[in-house]
Amino acid sequence: MRAAYVEVANPADPLAALVVGERPDPEVRQGWVRVRVRAASLNHHDVWSLRGVGLPPERMPMILGTDAAGTTDEGREVVVHPVISSDGWAGDETLDPKRSLLSEVHQGTLAEWVVVPERNVVDKPAALTFEEAACVPTAYLTAFRMLTRDAGLWKPGTVLVQGASGGVASAAIQLAKALGHRVWATARTEAKRDFARSLGADEAFEPGARLPERVDLVVETVGEATWAHSLKSLRPGGTVVVCGATSGANPPADLNRVFFLQLRVIGSTMGNKEELAGVMALMERAGVRPRIDRVVGFDALPDAVAALTAGDVLGKVVLQP
Ligand SMILES: NC(=O)c1ccc[n+]([C@@H]2O[C@H](COP(=O)([O-])OP(=O)(O)OC[C@H]3O[C@@H](n4cnc5c(N)ncnc54)[C@H](OP(=O)(O)O)[C@@H]3O)[C@@H](O)[C@H]2O)c1
């Protein structure tokens, strides 16, 4: 089958590590299910994999991709939940110390077929196209958990989303609006700030801008480039939820501000299968549809990966294998 994979990682030049070519058709183990991938979406996770982050040489070659929507051999239209817990694990998949995301231990979704445990598929909502549904399992699921379980908000408030054009960030803007919050965003260019407004942000600012007032919650995926601003933007008792650190993972902690203002710093990773079904139900009912920058075939995938690496994407990129 045709697939996009990494054989030798390249920390400095992720695009140079991308291979589009033939891989063996997957074998279906007992208790697993084969999904014909109708659409798969890219995430920054794929860039990290090409750089070799979390992917040691002994696991190569590894097919990229965490997200897919497709059809099982029985014709069931499904969305794949990418958090693979270990056999016998009960409870929240994301808390299993032996969990992995698709494309970390098991082959990923940027391929014609993917095999996953039977428990890792959920029904695709009829309202979402395969392309839209393929955007949900990482970006929208993660943003959903950040805005619900991890937000510490039990009434509408003001939410700041950093780095608005990213996959998780654009999802967070849309979902925060759907949950009734006032949403502010930052982005590095005016075109990206316009994009944020078009997603429903009430206002969009330059990175580091002084905001009209302090916010209840910051959704943080950017890391070092925005962390200081995130802490400074919070009201006393406010919460920053962080799921990623694209620009660097070791900003000054500013502990004086954290304890003096009683800030909550919450780490967040993906979501469980029930949350995946939950975010899709919210999207269906609230009319939230992922914003897709482009849909590509394998031939245009390298250009799309280059754009994602450069931060030159508005929302999501989708592959039709
Ligand atoms: N823990 C989890 O479960 C989980 C789940 C999903 C993602 N993540 C992580 O979260 C991060 C975002 O993922 P994604 O797929 O949404 O990535 P993405 O689509 O590539 O978005 C990254 C965004 O971050 C901003 N950014 C990047 N470098 C920046 C810099 N130097 N200065 C300012 N802003 C910068 C950009 O925002 P603007 O250009 O718009 O300003 C960019 O659009 C990644 O690090 C990813 O690994 C973690």
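Me: I understand that helices (H or I, at least four residues) and strands (E, at least two) are DSSP runs, numbered from the N terminus. With these labels, between which elements does Pro61 lie?

Reply: The model is a predicted one. In it, Pro61 occupies the loop between H1 and strand S4 (62-63).

Me: Which peptide bond involving Pro61 is cis?

Reply: The general idea is that most peptide bonds are trans. Here, the bond joining Met60 and Pro61 is cis, with omega at about -5 degrees.

Me: How should I read the phi of Asp254, and where does Asp254 lie?

Reply: As a general guide, most residues other than glycine have a negative phi. Asp254 is not a glycine, yet its phi is positive, near 55 degrees. The residue belongs to the loop between strand S15 (234-242) and helix H7 (255-260).

Me: Turning to the ligand, how many residues surround it, and which are the closest?

Reply: A residue counts here if one of its heavy atoms lies within 4 Å of the ligand. The ligand is surrounded by 26 residues, of which His44, Trp48, Ser165, Gly167 and Lys192 are the closest.

Me: Which polar atoms of the protein lie opposite oxygen atoms of the ligand?

Reply: The cut-off for such a pair of N or O atoms is 3.5 Å. The side chain of Lys192 places an N or O atom 2.6 Å from a ligand oxygen. For Gly167, a backbone N or O atom is 2.8 Å from an oxygen of the ligand, and for the side chain of Arg188 the corresponding distance is 2.9 Å. Of the 910 Å² that the ligand exposes when taken alone, the protein buries 86%.

Me: What kind of space does the ligand take, and which elements contribute to its shell?

Reply: The ligand takes the space of the largest pocket. Helix H1 (44-51), helix H3 (136-147) and helix H4 (167-178) each give two or more residues to the shell.

Me: How is the shell composed by class and by domain?

Reply: The shell has 10 nonpolar, 14 polar and two charged residues. Domain 1 (2-137 + 271-319) and domain 2 (150-267) each supply at least three residues.

Key. Residues are numbered from 1 along each chain as its sequence is written. This is a predicted model: local features need pLDDT of at least 70, side-chain atom pairs count only at pLDDT 80 or more; totals for chains, interfaces and linings use all residues. Side-chain values use heavy atoms; hydrogens and water are left out. A polar contact is a pair of N or O atoms within 3.5 Å; within protein, one must be able to donate a hydrogen and the other to accept it, and residues adjacent in sequence count only if both atoms are side-chain atoms. Accessible areas come from the Shrake-Rupley method with a 1.4 Å probe; for residues, only the protein chains shown count as cover. On a 1 Å grid over the protein atoms alone, a cavity is a set of points where a 1.4 Å probe fits but cannot get out, and a pocket is an open set with protein on both sides within 12 Å along at least five of seven lines; lining residues have an atom within 4 Å of a point. A molecule sits in a cavity or pocket if more than half of its atoms lie within 2 Å of its grid points. Ala, Val, Leu, Ile, Met, Phe, Trp, Tyr, Cys and Pro count as nonpolar, Asp, Glu, Lys and Arg as charged, and the others, Gly among them, as polar. Domain bounds come from an automatic or database domain assignment.
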